[in-house]
Amino acid sequence: MDLRYTASEQTFRSELRRWLRATLPTVGAPPPHDDWPARRAYDLNWQRLLFDAGYAGVDWPAEGGGRGASPVEQLIFKEECERAGAPYVGVNFVGLLHAGPTIIAEGTPAQKERYLPAILRGEEVWCQGFSEPDAGSDLASLRTRAVRDGDDYVVTGSKIWTSHAEVADSCELLVRTGDAGNRGISWLIMPMDAPGIEIRPLRTIEGTTEFAELFLNEVRVPVANRVGEENDGWRVTMVTLSFERGTAFVGDLLESVRLLGEVRAVAHRLGLLGDEGLARRIGHLVAAFDALWALTKRNVSEAAQTGIPGIGGSVFKLSFSEHAQALGDLAVEVLDRAALCADPLEGPGGGALGNGEQLHAWFKSISLTIAAGTSQVQRNIVGERILGLPKAR
Amino acid sequence: MDFRVGDDQRELTEGIRSMVQGRLPLEHLRAREGEERAIAADDWAALGETGVFALTLPEPAGTGLGLADAAVVFEELGRALVPGPLVGTFLAASGGLVAGAAEGSACVGLHTTGRPGPVLVEHLGSLDALLVLDGGGTSQLLSPAPVGGAPRVEHPLDPLTPLWHLDALPFGGAVADDDGRLWHHGAVLSAALQVGHAVATLDLAVAYAKERQQFGKPIGSFQAVKHLCADMLVRAEVARAAVHAAACLCDAPDVVGSEAAAAGCAPGQMLERSVSGAKLLADEAALANARAAIQVHGGMGFTWEVPLHLHLKRARVLSTSFGTPAAAALALAAYA
């Protein structure tokens, strides 16, 4: 149990910090949420800058063209990027965190050569076609059908919660090629310019188009685009998940810490800190986020030694998502009527209240107990896989 | 950086667990419920012989380990419901304040002053000395002799934490705690005991949920019960990470500066912030898990026989030392 960073870890940090300080002023402000072409250009530019500096795919193994950094270095990378206010991974998310690692582990040499460099260099964007309207938490019940026809699969069905679909070049697609259940699923690379794909943006409760529905009508996908064997797609998907090193929420956690500081500052300006109940809620979140930072270090340390993050991922997500919601609720209460609109407002005596950003974070926090495994599914996982409680089914 | 619980620490856990199971099993400890002395002198000496109080003393008197190692040991002591002035005796031994504390031949109590109210001192009847901490750097070491006539409370909340009701604390000799070391270390070890209670009640709840059948199934197969247990694990693991981080900061002053810079507070505030956050979360985990475990046990959880109430009551006792959770939360607001 030691919180000291090694000399090489400290060198990694100081070099990264120096590069961020020199590079970030050239990046400019991020485009508006709904301007997807501009977001694509902005995020790909950032990825290209990372690539040129040797930080692209910092968590990818060297044989996939990545930096092959240790889990602790991955933690440092995410920490420094967040603290410096670097752009979020954005439209590069699926390529860097899902599709790329899957192709590294399970792809053919030709697939690796075709797709991996384009992800690392910030040339191509990926989206994910996993969930379906009738297959959410029960993903293995998915029904989008792929039928062999010569050298192609003919794919028909629909997908949902597909982020960045409007600007993606490729889609990692789970399809049913065999019987019901998780043994009849295959993993395909679907080119997003193939005929028969209809993209229908979904408006979120925030009013923005964060993700879309995909309607697939006899879309032809070459058999050569299958990653892994036919009907082995479920295992291929699980391999990807094993790439997670306990750093998935580092950016979100540090962002919450920053937002908490801003909530406190606003509460102070509004003269609300004399309310001990309010102050205690702030103090409690300080303790919780500090503890979750310690838990992150524990999970990363486990991953560094054993290759897997251990039990920590679900435990972290359950706790963090609820505390992020507590922070969001606190923020809108502190802002009171200023949280009734997202237009920039000033407090008494001038100075921005940051109500737009806090509202955005509040909405996002509501999704945290749903996305990437609902809290109810996470509790089943913790109860059954960690505590060994019997399954209901 | 390697923040895992190390192999040495796992061995330490195993060692203390087998010692406690052999020498201080629960039925043995419970035989003294309600008595003036919560733990027999020879059992106390056995803890001393095992090295529980001398972990951080340099060899040959102690084992030269860190507070993180002591936290691992104290978690086991909490888990096993070992009573007695564990934290006070540890602090007296590590600070060289009372002869015999390290060996377990002396019993040193601990009293942290907080809100005004009745002065209730734990274990007074078996104490050789009482360490009084106020968190502001003015600590005192009292000889309990002058308060010998104080009455023992007839109905203490925890049957294994006897209490004495004093009119006021007499003055004793001052003990320097300028850098807050006694306070910080004591709070970390109290928090470690609380993590032990949180883990013990989780284990009891999970075992019961696997074994107890209703509607033809183990109740742990029902999501309503399963999710209570999952939340217990989350609380225990988050609190444990916080306690271990605070202990590591106490052990490594060279890390405090960089951690403070990352956390955005002054180096002098980092220990206080980390320690009180850990104590707050450990208090809450111990209390909430005891309550949840009682709920999982249903009516049996409300009986004297099932030891869950002992964990709940000890967790209540521990949550009133080194500041209440409410006070900790209020103080921590300054660091946001």
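Let me begin inside chain A, where A:Leu174 stands opposite A:Trp187 in strand 5. I should say at once that this is a predicted model, and everything I describe this morning is to be heard with that in mind.

That pair of residues belongs to a longer pairing, since seven bridges join strand 4 of chain A to strand 5, residues 185-191, and the two strands run antiparallel. Strand 4 of chain A has a second partner in strand 1, residues 126-129, to which four bridges join it, and here the two strands run parallel. Within that parallel pairing, A:Gly129 stands opposite A:Leu173 of strand 4. For those who work mainly at the bench, strands of a sheet pair through backbone hydrogen bonds, in either a parallel or an antiparallel arrangement.

Is strand 4 of chain A enclosed or not, and how many of its residues are buried? Seven of the seven are, so this strand is largely enclosed by the rest of the structure. If you follow the side chains along the strand, A:Ser170, A:Glu172, A:Leu174 and A:Arg176 point one way, while A:Cys171, A:Leu173 and A:Val175 point the other way, and all of these are buried. I would draw your eye to A:Glu172 and A:Arg176, which are among the residues on the side that also holds A:Leu174.

Just before this strand in chain A there is a residue with an unusual backbone angle. A:His164 lies in the loop between strand 3, residues 152-163, and strand 4, residues 170-176. Its phi is near 60 degrees, a positive value in a residue other than glycine. Most residues other than glycine have a negative phi. A:His164 counts as buried because 25 other C-beta atoms lie within 10 Å, and the cut-off for that word is 20 or more.

Stepping back to chain A as a whole, we find eleven helices and eight strands. The C-alpha atoms of chain A fill a box of roughly 70 × 50 × 45 Å, taken along the principal axes. A compact globule of 393 residues would have a radius of gyration near 21 Å, and chain A has 22 Å, which agrees. Of those 393 residues, 45% count as buried. Among contacts in chain A between residues at least 6 apart in sequence, 70% join residues at least 24 apart.

Let me now turn to chain B, beginning with its sheet. Four strands of chain B form an open sheet in the order 1-3-4-6, with mixed pairing. Strand 1, residues 108-112, and strand 6, residues 173-176, stand at the edges, each with a single partner strand, so one side of each is left without a neighbour in the sheet. From one strand to the next, the twist averages 30 degrees. Strand 3, residues 129-133, and strand 4, residues 138-142, of chain B run antiparallel and are joined by three bridges, and B:Leu130 has B:Leu142 of strand 4 as its bridge partner. Across strand 1 and strand 3 of chain B lies helix 5, residues 86-94, which runs at about 105 degrees to strand 1.

Which helix of chain B has 13 of its 13 residues buried? That is helix 4 of chain B, which is therefore largely enclosed by the rest of the structure. Helix 4 of chain B reaches 18 Å from its first C-alpha to its last, close to the 18 Å expected at 1.5 Å a residue. After helix 4 of chain B comes B:Leu81, whose phi is positive, near 65 degrees. In the loop between helix 3, residues 41-50, and helix 4, residues 67-79, of chain B we find B:Pro60, and the peptide bond that joins B:Glu59 to B:Pro60 is cis, with omega about 5 degrees.

Further along chain B, in the loop between helix 10, residues 308-319, and helix 11, sits B:Phe322, whose phi is near 55 degrees, again positive in a residue other than glycine. B:Phe322 is buried, with 26 other C-beta atoms within 10 Å.

I will finish where the two chains meet. Here 45 residues of chain B are in contact with 41 residues of chain A. On the chain B side, helices 6, 7, 8, 9 and 11 each supply at least two residues, and helix 7 gives the most, with 15 residues. The residues on that side of chain B divide into 30 nonpolar, nine polar and six charged.

Key:
Residues are numbered from 1 along each chain as its sequence is written. Chains are lettered from A and ligands numbered from 1 in the order in which they are written. This is a predicted model: local features need pLDDT of at least 70, side-chain atom pairs count only at pLDDT 80 or more; totals for chains, interfaces and linings use all residues. Two residues are in contact if their C-beta atoms, placed from the backbone, lie within 7 Å. Ala, Val, Leu, Ile, Met, Phe, Trp, Tyr, Cys and Pro count as nonpolar, Asp, Glu, Lys and Arg as charged, and the others, Gly among them, as polar. The radius of gyration is taken over C-alpha atoms; the globule rule is 2.2 Å times the number of residues to the power 0.38. A residue is buried if 20 or more other C-beta atoms lie within 10 Å of its own, exposed if 12 or fewer, and partly exposed in between; C-beta atoms are placed from the backbone. Two strands pair if DSSP finds at least two bridges between them. Axes are lines fitted to C-alpha atoms, for helices over the stretch in contact, and angles run from 0 to 180 degrees between N-to-C directions. The expected span of a helix is 1.5 Å times one less than its number of residues.
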